[in-house]
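Work through the following exercises with the sequence and the model open. Each task is followed by a solution in steps.

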Amino acid sequence: MSYRIIYTGSSIGSIEALSSTLDCDPAHLLQIASDVASNYVPFQVPKKNGGVREIRAPKPTLKAIQKRINSRIFSNCIFPTYLQGSIKDPTNTRDFVSNAAAHSKSKTVISADIENFYPSVQFGIVKEVFKYLFRFSDDVSNTLAQLTTLDGVLPQGAPTSSYLANLVFYNNEPKLFEEFSRSGFVYTRLIDDITVSSTALLDKQRKNWIIQKIAGLLANKGLTMHRGKLRQEVTNSPGHQVVVTGLWIDKGHPRLSTIDRRNIRAAVYNSGKEYEAGHKTTKAYHDRYNSASGKVALMTRLGHAQATSFRETLVSILPEYDKRFGRKVEKLCWMFIGLRGAGRDKASYTKRYHKLMYHLAILGRSKPEKAAQLRRELRAFRPVFKVSELAEESI
């Protein structure tokens, strides 16, 4: 496995070639790129610490173009394994769990957060990625940078931003990784969260050297470290556990904290109480149940023994649809069947098909025969759009 990001796709040397790649009229593509600000809608989401985060969501036309940039350009990149965030890897799951697992044998862990990462990645850096990593022509690189930035920076909310976050350090991160590896250190990055660990207990001088190297990596791109989130942890006492991307490292494995496990237990218990109270058909119950189920799935993945009993409880209190929504699902299915497969090669058709199948799985808990009949009818008009492309192409 190379330490560098490798682009295996074709070179794009003209706006016409770019337009062909993205299935978009050249004049329309350039018009969108020149007025990208009008193609975003702002909204806010709450932060865990109590503040709000400003998100800029692209409108459908720009979103479709950005998803095609993901599926037709960025998907041709082979990413080194030290990059752990927002990468589709068919052989290995890459996320906060795999990131923590990479440091599971460590005795010293240094974690650094990049301050205001997305808003600090400038237009020029993004253009460099397209021009020097992908080796696209200058006008193509400029247009792609326009399509993937907003107000001169990476927007939080654009489908392309997480890919570009992984690509930003394409020319200097491999060198740093090699230098750390030669020193016996493990290096990973989960978007804006950098972790370096060692199986040895490091002295202050060595830890400071690591921090300086990380700071140099960031400074090369005009970025800085969030000093308030810099952590240095060591396992220098029995029972002490270090934390990597939100997970404890316990006996060589990533685990949930005691508090997290207690909260999941409470979520499962409260779901059971709501079920007994007759709330199994409400949207609130569906949402809480799905949240609890996802947390239990994480417990299962991390090997927590309690996960088995929690899952058994959840299986016994499955949410259902009330009669009114059940009839709505049936109506939507018959409307879809009435299309007789028209548009089955489109992403929107595929997305609608799988959403209806999901609804039928829930409807089957209260009306098994009707759900089975509708599934048979739907399967006669299966989509031909590639499911692997659905997440990238659909609007």
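**Exercise 1. A strand pair and its sheet**

Task: Find which residue of strand 11 is the bridge partner of Trp-248, then place the two strands in their sheet.

Solution. The model is a predicted one.

Step 1. The bridge partner of Trp-248 in strand 11 is Arg-255.

Step 2. Strand 10, residues 247–250, runs antiparallel to strand 11 and is joined to it by three bridges.

Step 3. Strands 9, 10 and 11 make up an open sheet with the order 9-10-11 and antiparallel pairing. Strand 9 (243–244) and strand 11 (253–255) each have a single partner strand and stand at the edges, so one side of each has no neighbour in the sheet.

**Exercise 2. The two sides of helix 9**

Task: Sort residues of helix 9 into buried and exposed, and state what the buried ones pack against.

Solution.

Step 1. Helix 9 covers residues 173–182, and its buried residues are Glu-173, Pro-174, Leu-176, Phe-177 and Phe-180. Buried here stands for under 20% relative accessible area.

Step 2. Viewed down the helix axis, these buried residues of helix 9 lie within an arc of 160 degrees, so they line one face. An α-helix has 3.6 residues a turn, so residues three or four places apart point the same way.

Step 3. Lys-175 and Arg-182 are exposed, on the other side of helix 9.

Step 4. The packing partners of the buried residues are strand 6 (186–190), strand 7 (193–198) and helix 10 (204–219).

Step 5. After helix 9 comes Gly-184, with a positive phi near 85 degrees.

**Exercise 3. The largest pocket**

Task: Describe the largest pocket by its volume, its lining residues and their classes.

Solution.

Step 1. The largest pocket holds about 1200 Å³ of space.

Step 2. Its lining consists of 32 residues; those nearest the centre are Lys-48, Arg-53, Asp-113, Asp-192 and Lys-229.

Step 3. Among the elements that contribute, strand 3 (52–58), strand 5 (108–113) and helix 5 (117–120) each give at least two residues to the lining.

Step 4. Sorted by class, the lining has 14 nonpolar, eleven charged and seven polar residues.

**Exercise 4. The whole protein**

Task: How many helices and strands does the protein have, and what share of its residues is buried?

Solution.

Step 1. There are 17 helices and eleven strands.

Step 2. Of the 395 residues, 45% are buried.

Step 3. Of the contacts with a separation of 6 or more, 71% are between residues 24 or more positions apart.

Step 4. The C-alpha trace spans about 70 × 65 × 40 Å along its principal axes.

Key: Residues are numbered from 1 along each chain as its sequence is written. This is a predicted model: local features need pLDDT of at least 70, side-chain atom pairs count only at pLDDT 80 or more; totals for chains, interfaces and linings use all residues. Side-chain values use heavy atoms; hydrogens and water are left out. Buried means under 20% relative accessible area, exposed over 50%, partly exposed in between (1.4 Å probe, protein chains only). Helices (H or I, at least four residues) and strands (E, at least two) are DSSP runs, numbered from the N terminus. The arc is that of the directions from the helix axis to the C-beta atoms. Contact means heavy atoms within 4.5 Å. Two strands pair if DSSP finds at least two bridges between them. On a 1 Å grid over the protein atoms alone, a cavity is a set of points where a 1.4 Å probe fits but cannot get out, and a pocket is an open set with protein on both sides within 12 Å along at least five of seven lines; lining residues have an atom within 4 Å of a point. Grid points are joined across faces, edges and corners, and a volume is the space filled by probe spheres set on the points. Ala, Val, Leu, Ile, Met, Phe, Trp, Tyr, Cys and Pro count as nonpolar, Asp, Glu, Lys and Arg as charged, and the others, Gly among them, as polar.
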